[in-house]
Amino acid sequence: METEILRIKCPHCGAELAVAKRPDMVMQMVTCPQCNSRSPYTSYQLLGTIVDPKIAATLAPYAQSVSPKAILAQPKEDPNVNRPQPVVPETVDSNRTENLSQRRRLADLGRGGAVSNQGQSSRPSGGGGGDGNSSAKIFIMAMGGVVVVALIAILIVLFLKSGNKKQVVETPAPVVVEETTVPSTPESTPSRVTEEEDQAAAPAQGPVTVNGHEGIDLGLGVKWATCNVGASKASDVGEYYAWGDVATKKEYTEQTSKTYQRNIPEISGDITRDPATVKWGQGWRLPTKAEVKALCQKCKWTWTTQGGRKGYLVTGPSGESIFLPAGGYRYSATIFDSGVTGGYWAGSPSPSDHRFSYYMDFNDKEHSWYLSERYIGRNIRAVTDK
């Protein structure tokens, strides 16, 4: 059975993508490789299907072997032709083409001269002119041979004379390359934080308790809570919140969101929009995008299981750790990918699109920060400045 390849358009950046059609597509989250935003499949605009059997056959093996999160970029169509363009356009090196054209012109010129000479020798111009031309050619070729033999003889004599001299050839000393073994740590991500966001790791100050909730000093400048909002222990998932909503609800959709497509600034610490502040009291808040970025880049992430729940043990520069359970996400009235992925809101909105805000996302292979629709239900891991 052939795989049907769908052409879809990213709702955030407008990039055209290709993905294999699946029976459960309406329940899947799709990550755009152009803008790094992760959105439900239902928010993508369906542009049609790829009807060209060659292109479909090329994309099908990749689309079948990966989840909808990993999608393939699809080239734009020619507006004058109602069919997809080739997937991999051939690139031409202009320098190589120019050199090749020059060589071909020289070769054609050489072939043209040979044909012209043959034509003259095959058409006598009266009075035996053809025989005269042939004799002249034979004489020139013979003289050329004599010159070549003389040159070879001179080179041989020079070579024999130089062979009597002792030549000293400097042999370079062998280069010894010292092998250095670098430990592989796939669970960790190298730090590339900007100077503004870079915070020097300080010695751990020990756990703190604010309003009855414990925070751990990971050495990142703020203290991270030991469990999610709505949870009683680290391995509990806790509650799901839409971005900017301070109460849980039965369904998480565009219609039930209070912030979707609204121009709302940073909500970290906002007593009316930050679920961590509203639920745990002042002193607790959502992390900012920069704080989520530092957690992803400056800590060691180890996929493990605690209390029967899969997730990441995140160890900071101070040596202290927190556990982030993989609670999945809520869309409409259903929880998806529980135990497979984890999603935690940051308080920072998209600077250009009022539909999206930043959040931290992970699975057992990777962890990073993305943009997501604000109406999706995600977990909250609070921070404190105390």
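In what order do the 3 strands of the open sheet lie, and is the pairing parallel or antiparallel? I looked this up in the predicted model. I found the order β15-β16-β17, with antiparallel pairing. I noted β15 (342-349) and β17 (367-373) as the edge strands, each pairing on one side only. I recorded an average turn of 35° between neighbouring strands of this sheet, direction ignored.

I next examined the pairing of β16 (residues 356-362) with β17, and I count 7 bridges between these antiparallel strands. Tyr-359 stands opposite Tyr-370 in β17. I then looked for a helix on the sheet: α5 (residues 289-298) packs there and touches β15, β16 and β17. The direction of α5 makes about 150° with that of β17.

I searched the whole structure for aromatic pairs and obtained 11. For Trp-301 and Tyr-312, I read 5.2 Å between ring centres and 70° between planes; planes over 60 degrees apart count as edge-to-face, so this pair is edge-to-face. Trp-301 belongs to β10 (residues 300-306) and Tyr-312 to β11 (residues 309-315), so the pair ties together parts 11 residues apart in sequence. I also entered Trp-303 with Tyr-312 as edge-to-face, at 5.0 Å centre to centre and 75° between the planes.

Is Tyr-312 buried or exposed? I list Tyr-312 as buried, at 3% relative accessibility, and Trp-301 is buried too. Trp-303 is partly exposed, with a relative accessible area of 27%. Ring pairs join Trp-301, Trp-303, Tyr-312, Tyr-344 and Phe-362 in a cluster.

Finally, I checked Arg-378. Its charged end sits over the ring of Tyr-359, 3.8 Å from the centre, and over that of Trp-345, 5.5 Å from the centre.

Conventions
Residues numbered from 1 in each chain as written. Predicted model: local features only at pLDDT ≥ 70, side-chain atom pairs only at ≥ 80, totals over all residues. Heavy atoms only, no water. Pairing = 2+ DSSP bridges. Helix = DSSP H or I, 4+ residues; strand = E, 2+ residues; numbered from the N terminus. Axes fitted to C-alpha atoms, helices over the stretch in contact; angles between N-to-C directions. Contact = heavy atoms within 4.5 Å. Phe/Tyr/Trp six-rings, centres within 6.5 Å; stacked < 30°, edge-to-face > 60°. Buried < 20%, exposed > 50% of the residue type's maximum accessible area, 1.4 Å probe, protein only. Lys NZ or Arg CZ within 6 Å of the ring centre and 35° of its normal.
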